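Please look through the structure shown here before reading on. The report that follows moves from an annotated region to strands, aromatic rings and a nonpolar core.

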Amino acid sequence: MLAVSLTIPLLGAMLLLDSPIDPQPLSFKEPPLLLGVLQPNTKLQQAERLFENQLIGPESIANIGDVMFTGTADGRIVKLENGEIETIAQFGSGPCKTRDDEPACGRPLGIRVGPNGTLFVADAYKGLFEVNPWKREVKLLISSETPIEGRKMSFVNDLTITQDGRKIYFTDSSSKWQRRDYLLLVMEGTDDGRLLEYDTETKEVKVLLDQLRFPNGVQLSPAEDFVLVAEMTMARIRRFYLSGLMKGGADLFVENLPGFPDNIRPSSSGGYWVSMATIRFNPGFSMLDFLSERPYIKRMIFKLFSQETVMKFVPRYSLVLELSDSGAFRRSLHDPDGQVASYISEVHEHDGHLYLGSFRAPFLCRLSLQSV
């Protein structure tokens, strides 16, 4: 009797409540087997945590010499030097304590060093900035409020810059969803993300690729003849050609990844590091693969549960994948339960170490390449 009395209101709620998402079915190949190069290991657990409980969500990392820079969840750009944290810039204002504060506070994501020793930063809510870390001067390059081909930028994410500093390639993950609703963007499978080009001299912005499902990390090739963009929702990396016979065209650099890719950064071997905070278990059960063809279940989940509640059911498995210059799997580093390195967003290689960024962990991780 008790079960019936609980079930009827629950069914009524599921019918009457609106779902915040309107997902369409997506189709994936069977995930690659976690064998060979992808064989699970615990190499990421050898990392050491830095600045634990002193910063939150160091999403992306850049260095000038041995001085490191990152953006944090409370909207700051900070300098990390000699064990000290120093704020050098903040693009927004406010208390910056909850997800609802993010639009006013700002959320720095991708960060790069330009040819003149300044930092270029993508803020999810505010746009693209150039920061002089020594003079603490901040220059807005393009505001998120500026429509690009008639559409606003709601989720500016990552960026990569040419060696001469002329062109910036960056992602706007969605015109509909903001960063604070990234899980809704993933679950809905919205295809309104874009890869864009900003010319620092002419101030012009061009759309290079459209209809992407959560475009995330971007990385220029060493020769700057193409740019890679992680299409997170689709577990793949696309390539847009900037020169040569294929100029203006695009293809798949690597598809059917073992997880959902975040940022892409160069490796010293001439390839690329790709970070993944959620993987597609095979053998095993991949929740996102299972839900991809069942949009009705996705709707039901978000009728009943908040994003934070749903996140608790996502396995905390951290994976770092090194790709060759042609996209082949070279090696993988794992933390199977996120014990040490959790919610990883980026792998930044510097001076024989990998620095592991995170979109929500209260620390930065450092891993010696000699140990793996």
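## The annotated region

The span of residues 157-244 has its end C-alpha atoms 27 Å apart, and its make-up is 8% helix and 50% strand. These values, like all others in this report, come from a predicted model. In UniProt, an unreviewed entry lists residues 157-244 under the name "domain: Strictosidine synthase conserved region", and such an annotation may be inferred rather than shown by experiment.

## Strands and their partners

Strand 12 (residues 193-199) and strand 13 (residues 205-212) are paired in the antiparallel sense over 5 bridges, and Tyr198 stands opposite Val205 in strand 13. The two strands, 12 and 13, form a hairpin with 5 residues between them, and Lys203 in the turn has a positive phi of about 70°.

An open sheet is formed by 4 strands in the order 18-19-20-21, with antiparallel pairing. Strand 18 (259-266) and strand 21 (329-335) are at the edges, and because each has a single partner strand, one side of each is left without a neighbour in the sheet. On average, and with direction ignored, neighbouring strands of this sheet are turned by 20° against each other. Within the sheet, strand 19 (residues 272-279) pairs with strand 20 (residues 318-323) in the antiparallel sense over 5 bridges, and Ser275 has Val320 in strand 20 as its bridge partner. In general, the strands of a sheet pair through backbone hydrogen bonds, either parallel or antiparallel.

## Aromatic rings

There are 10 aromatic pairs in the structure. A pair of aromatic rings is described by the distance of the centres and the angle of the planes, and the table gives these values for two of the pairs.

| Pair | Distance of centres | Angle of planes | Description |
|---|---|---|---|
| Tyr182 and Phe359 | 5.8 Å | 75° | edge-to-face |
| Phe253 and Tyr272 | 5.9 Å | 90° | edge-to-face |

The pair of Tyr182 and Phe359 links distant parts of the chain, 177 residues apart, with Tyr182 in helix 3 (residues 182-188) and Phe359 in the loop between strand 23 (353-358) and strand 24 (364-368). Are these two rings buried or exposed? Tyr182 has a relative accessibility of 16% and therefore counts as buried, while Phe359 is buried with a relative accessible area of 15%; the cut-off for buried is under 20%.

Phe253 lies in strand 17 (residues 250-254) and Tyr272 in strand 19, so this pair ties together parts that are 19 residues apart in sequence. Phe253 and Tyr272 are both buried, and they form one aromatic cluster with Phe226 and Tyr241.

Charged groups also sit over rings. The charged end of Arg239 is placed over the ring of Phe226, 5.3 Å from its centre, and the charged end of Arg360 is placed over the ring of Tyr343, 4.9 Å from its centre.

## The nonpolar core

Which residues touch the most other members of the largest nonpolar core? Of its 28 residues, these are Phe155, Tyr182, Phe214 and Phe302. At least two residues of this core are supplied by each of helix 3, helix 4 (287-292) and helix 6 (307-311), and helix 3 gives the largest share, 6 residues. Tyr182 thus appears twice in this account, as a residue of helix 3 that pairs with Phe359 and as one of the core residues that touch the most other members.

Methods: Residues numbered from 1 in each chain as written. Predicted model: local features only at pLDDT ≥ 70, side-chain atom pairs only at ≥ 80, totals over all residues. Heavy atoms only, no water. Pairing = 2+ DSSP bridges. Axes fitted to C-alpha atoms, helices over the stretch in contact; angles between N-to-C directions. Phe/Tyr/Trp six-rings, centres within 6.5 Å; stacked < 30°, edge-to-face > 60°. Buried < 20%, exposed > 50% of the residue type's maximum accessible area, 1.4 Å probe, protein only. Lys NZ or Arg CZ within 6 Å of the ring centre and 35° of its normal. Core = buried A, V, L, I, M, F, W, Y, C linked by side-chain atoms within 4.5 Å.
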